[in-house]
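User: I'd like to go through this model with you and ask why things get the labels they do. Could you set each value against its cut-off as we go?

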Amino acid sequence: MSSLAWIDFDEAERQRAQRIMELFQERETRDELGLGAIRDSIADHLFPGTSTIQTRLRYMLFIPWLFQMLEGSSAGSDQLAREARSLEIRLVNALKAGGESNGVIGRDAGANLQRLPSSVYWAGLGSWGIRLFPGSTDNLFTSMRHLQRSRPRVRESEDPASERQALQIWTPTLPQCPNDLLDAAHFKLSSDEAQFVVDRLVATHPDSLLTFLARSGDGEAECDNIWEHPQLANFPAVPRRLVEHAALFSSVMHGASLLYNLLLSRLRDRSEWIERYETRLADWRASLDMAAIRAWSLDAFWQAIEHPAHGIRPAAKRFVTDWLGLLTSEGIGDSLTAPAGRLVQERERRLKTNQSRFVNRAVRDRWTGASGAEPLSFRWSQAHSHLRDLAHVE
């Protein structure tokens, strides 16, 4: 049984490790060919603060409100953690009492909930400037009594404004918590709450596509992918160009993922899987806009997606470059011995070494027939959900 662990040196590394582990739980985002850093760079440019496991937007307010209820406590860090968990479980019940079902984290698990909403939204709260405290929830519980003792005092040697900000956990413009939050809660935002969210996005990510769409108030666009958005032509130039890059990257690399699944299906000798992926690969070939793909500049793509939170390894860039080269020259053969098949096998082997499904039969025999077989959508589903919540205010 393989495992993943890390030393909690800082919050950024902790969150990066959590994102990696989340991939193992998300079937449609499994990163079998090492494209995750590219995917996440694009997603974080377009829709910063989102993640694939977020559900409803008002959790961005629920979590600060619940944690504010703990700020007067004199309990130690372990007790604070237990009290915070209790509040989050009570929120599950309050949402049910308020008639909510879609998007309730812990709706079925109840008191046995493992992944708390606070852990799902903690990074997004920091990204949007709602959370000012720089550490993890555990760091906050450890520091809370110190923060409370220090708040009234300002050291003469420091700037008072900077000192006050350093002692704040949440932005001072956070809307007030409803009195009945833990009795009957709902996901619909008030107009003031919606404006607060928009203001936070404008302050922290003024040039992102998420901010543009939030400000426009258009949460009704029905499209499976952001490049199919009916207002695409009206997007600002920089995010519109990034969307165009994202569309091409998703289209081009989807074939590599389908081929990966087809090759494994053949090694498993599963006729129904083979037929499914042969059909999907043929449909993929027929859908390609080869004129646009041949005109696509990878140099411009790498420059556009560069992001400080995601280091894209040279090997990942080479794989994309080589795959694109095969696609635009001799085409993509779908056998184990064709250049494309060898390229995909070699990429997975280098990433997984002795856990590669191509070389380790025991691992291959546990494969259930689908790994990362869906096109990349760069968290548009989660962003779209948040935009709908912003548009449907009380």
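User: How many helices and strands are there in the protein chain?

Analyst: Happy to start there! This is a predicted model, and its protein chain has 17 helices and zero strands. Buried residues make up 49% of the 394 residues.

User: What makes Glu32 count as buried?

Analyst: The cut-off for buried is under 20% relative accessible area. Glu32 has 5% relative accessibility, so Glu32 counts as buried.

User: Why is the pair of Lys352 and Glu32 called a salt bridge?

Analyst: The rule asks for a side-chain nitrogen of Lys or Arg within 4 Å of a carboxyl oxygen of Asp or Glu. For Lys352 and Glu32 the N to O value is 2.3 Å, so the pair passes. Lys352 lies in helix H15 (residues 339-352) and Glu32 in the loop between helix H1 (11-23) and H2, so the pair ties together parts that are 320 residues apart in sequence. By this rule the count comes to 16 salt bridges.

User: Which residues do salt bridges with shared partners join into one network?

Analyst: That network consists of Glu32, Glu348, Lys352 and Arg357.

User: How do you know that Glu278 and Arg266 form a salt bridge, and what makes them partly exposed?

Analyst: Their closest N and O atoms are 2.9 Å apart, which is within 4 Å, so the salt bridge rule is met. Glu278 is in helix H11 (residues 271-287) and Arg266 is in helix H10, so this pair ties together parts twelve residues apart in sequence. As for exposure, partly exposed lies between the 20% and 50% cut-offs. Glu278, at 36% relative accessibility, counts as partly exposed, and Arg266, with a relative accessible area of 28%, does too.

User: What about Arg280 and Glu374: why is that a salt bridge?

Analyst: Here the N to O value is 3.6 Å, and the limit is 4 Å, so the pair qualifies. Arg280 sits in helix H11 and Glu374 in the loop between helix H16 (361-365) and H17, 94 residues apart, so distant parts of the chain are linked. Arg280 is partly exposed at 23%, and Glu374 is partly exposed at 40%.

User: Where is Ala309, and is Ala309 buried or partly exposed?

Analyst: Ala309 is in the loop between helix H13 (298-305) and helix H14 (314-328). At 28% relative accessibility, Ala309 is over the 20% cut-off for buried, so Ala309 counts as partly exposed. The C-alpha atoms of Ala309 and Asp40 are separated by 9.1 Å, and the two residues are 269 residues apart along the chain.

User: Which residues touch the most other members of the largest nonpolar core?

Analyst: They are Ile38, Tyr59, Phe249 and Trp323, in a core of 111 residues. H10 gives the largest share of this core, 14 residues. Leaving out residues up to four places away in sequence, Ile38 touches Phe249, Phe301, Trp302, Ile305, Ile312, Ala316 and Val320.

User: Which residues of helix H9 are buried, and what covers them?

Analyst: In H9 (residues 209-216), Leu209, Leu210, Thr211, Leu213 and Ala214 are buried. Their cover includes helix H2 (36-46), helix H8 (191-204), helix H10 (237-268) and helix H17 (380-391). Just after H9 comes Gly217, with a positive phi near 70°.

Terms used
Residues numbered from 1 in each chain as written. Predicted model: local features only at pLDDT ≥ 70, side-chain atom pairs only at ≥ 80, totals over all residues. Heavy atoms only, no water. Helix = DSSP H or I, 4+ residues; strand = E, 2+ residues; numbered from the N terminus. Buried < 20%, exposed > 50% of the residue type's maximum accessible area, 1.4 Å probe, protein only. Contact = heavy atoms within 4.5 Å. Core = buried A, V, L, I, M, F, W, Y, C linked by side-chain atoms within 4.5 Å.
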